[in-house]
Amino acid sequence: MAKRSMRSKSRDNGFHAAENVHPLFPARSGWSPHEHDQGERTRKYVKNIRAMSPTQQTLIDAIEERSVVVAAGPAGTGKTYLAIAKAVEALEAGKVGRIVLSRPAVEAGESLGFLPGDLQEKLAPYLRPLYDALTERLGTKRLKAMLADGTIEIAPVAYMRGRTLSECFIVIDEAQNCTYTQLKMLLTRLGWRSTMVLTGDPDQSDLLPGISGLGDIADRLSRLPEIAVVRLGEGDIVRHPLVAGMLTVL
């Protein structure tokens with residue numbers, strides 16, 4: 001009884017006051033990652049994603065309208081998250097039958113050596129960012145169920161050759177760590193009623209200089225009106241405000 005009484009008092013002590021309710025997005029337009037006042041912008045989950053910059057809105061519109069989209073830009077601009085969020089949205093709307101996510105298994109500057117376990121366990125460290133984004137959109141329980149029945153498939157680039165992906169939403173993440181030949185192979189996997197989104201930062205490749213094919217692929221595909229190439233910049237970064245500042249000097 002005493003505990004219930006204390007909880008009742010807590011609820012009555014102003015927790016429903018209007019000043020404690022903050023809008024999800026700032027009322028003013030033109031939000032900048034360089035702003036120091038970030039109190040008005042919460043990081044809580046929202047079902048329907050919303051662009052934080054005009055270029056992000058261009059990317060969202062392109063994904064909705066085109067079958068192939070290339071999203072190139074620096075870290076923290078929401079490329080992977082927006083692509084996966086739109087993939088989940090398309091799946092739940094019945095526009096596609098499954099989601100296929102692929103990422104090159106490339107070490108970021110250091111050798112991990114021998115990883116124990118089966119194939120899935122060996123690849124887990126490389127695919128962790130995709131799992132994180134999917135978990136946020138679907139929840140752990142739903143994600144496990146969809147992975148188990150094949151509705152969502154996460155595979156390394158090397159396992160995509162020879163396939164035709166129809167009625168799928170395909171996301172190729174970290175495309176800057178793919179060679180030109182690998183990206184050409186991935187692009188030609190596109191089947192009927194499918195959408196493919198390639199995301200990557202051409203300036204942060206973990207391959208040897210001159211081997212990454214993302215920049216060349218983006219330049220060539222930009223000539224085709226049916227394909228959207230969206231280039232995000234430092235003004236689209238939605239991580240910590242220091243990320244945008246660091247990228248201007250690094």
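**Figure 1. Helix α2 has an exposed side and a buried side.** In this predicted model, the exposed residues Pro54 and Glu65 sit on the face of α2 turned away from its buried side. Helix α2 spans residues 54–65, twelve residues in total. From first C-alpha to last, α2 reaches 16 Å. That is close to the 16 Å expected at 1.5 Å a residue. The buried residues of α2 are Gln56, Leu59, Ile60, Ala62 and Ile63. They lie on the same side of α2, because they cover an arc of only 160° around the axis. An α-helix has 3.6 residues a turn, so residues three or four places apart point the same way.

**Figure 2. Strands and a helix cover the buried residues of α2.** The cover includes one helix segment, α3 (79–92). Strands β1 (68–72) and β4 (168–172) also belong to the cover. So do β5 (195–200) and β6 (227–231). The residues beneath this cover are Gln56, Leu59, Ile60, Ala62 and Ile63.

**Figure 3. Helix α3 is largely enclosed by the rest of the structure.** Eleven of the 14 residues of α3 are buried, so the helix is largely enclosed. Among them are Leu82, Ala83, Ile84 and Ala85. Lys79, Thr80 and Lys86 are buried too. So are Ala87, Val88, Ala90 and Leu91. Helix α3 reaches 20 Å from its first C-alpha to its last. This is close to the 20 Å expected at 1.5 Å a residue. Just after α3 comes Gly94, with a positive phi of about 80°.

**Figure 4. A salt bridge joins α2 and α3.** Glu64 forms a salt bridge with Lys86. Their closest N and O atoms are 2.6 Å apart. Glu64 lies in helix α2 and Lys86 in helix α3, so the pair ties together parts that are 22 residues apart in sequence. Is Lys86 buried or exposed? Lys86 is buried, because its relative accessible area is 6%, and buried means under 20%.

**Figure 5. Arg98 and Glu153 link two strands.** These two residues form a salt bridge, with the closest N and O atoms 3.5 Å apart. Arg98 lies in strand β2 (residues 98–103) and Glu153 in strand β3 (residues 152–156), so the pair ties together parts that are 55 residues apart in sequence. Arg98 counts as partly exposed, at 24% relative accessibility. Glu153 is partly exposed as well, with a relative accessible area of 22%.

**Figure 6. Glu167 and Arg193 connect two loops.** The side chains of Glu167 and Arg193 meet in a salt bridge of 3.1 Å, N to O. The pair links distant parts of the chain, 26 residues apart. Glu167 is in the loop between β3 and β4. Arg193 is in the loop between α6 (180–187) and β5. Glu167 is partly exposed, with a relative accessible area of 38%. Arg193 counts as exposed, at 57% relative accessibility. Elsewhere, salt bridges that share partners join Glu64, Lys86 and Glu89 into one network. The structure holds eleven salt bridges.

**Figure 7. Four residues form a nonpolar surface patch.** The patch consists of Leu242, Met246, Val249 and Leu250. Together they have about 490 Å² of accessible area. Leu242 lies in helix α8 (residues 241–247). Leu242 counts as exposed, because its relative accessibility is 57%, and exposed means over 50%.

**Figure 8. Gly215 sits in helix α7.** Helix α7 covers residues 214–221. At 28% relative accessibility, Gly215 counts as partly exposed. Gly215 and Ala175 are 40 residues apart in sequence. In space they are 9.6 Å apart, C-alpha to C-alpha.

**Figure 9. The whole chain gives the setting for the close-ups.** The chain has eight helices and six strands. From the N terminus on, its elements run α-α-β-α-β-α-α-β-β-α-β-α-β-α. Of its 250 residues, 41% are buried. Among contacts with a separation of 6 or more, 74% join residues 24 or more positions apart. The accessible surface comes to about 14,400 Å². Carbon and sulfur atoms account for 54% of that surface.

How values were computed
Residues numbered from 1 in each chain as written. Predicted model: local features only at pLDDT ≥ 70, side-chain atom pairs only at ≥ 80, totals over all residues. Heavy atoms only, no water. Patch = residues over 30% accessible without salt bridge, like charges linked within 9 Å, V, L, I, M, F, W, Y side chains within 5 Å. Areas by Shrake-Rupley, 256 points an atom, 1.4 Å probe, with all protein chains shown as cover. Helix = DSSP H or I, 4+ residues; strand = E, 2+ residues; numbered from the N terminus. Buried < 20%, exposed > 50% of the residue type's maximum accessible area, 1.4 Å probe, protein only. Expected span 1.5 Å × (residues − 1). Arc of directions from axis to C-beta. Contact = heavy atoms within 4.5 Å.
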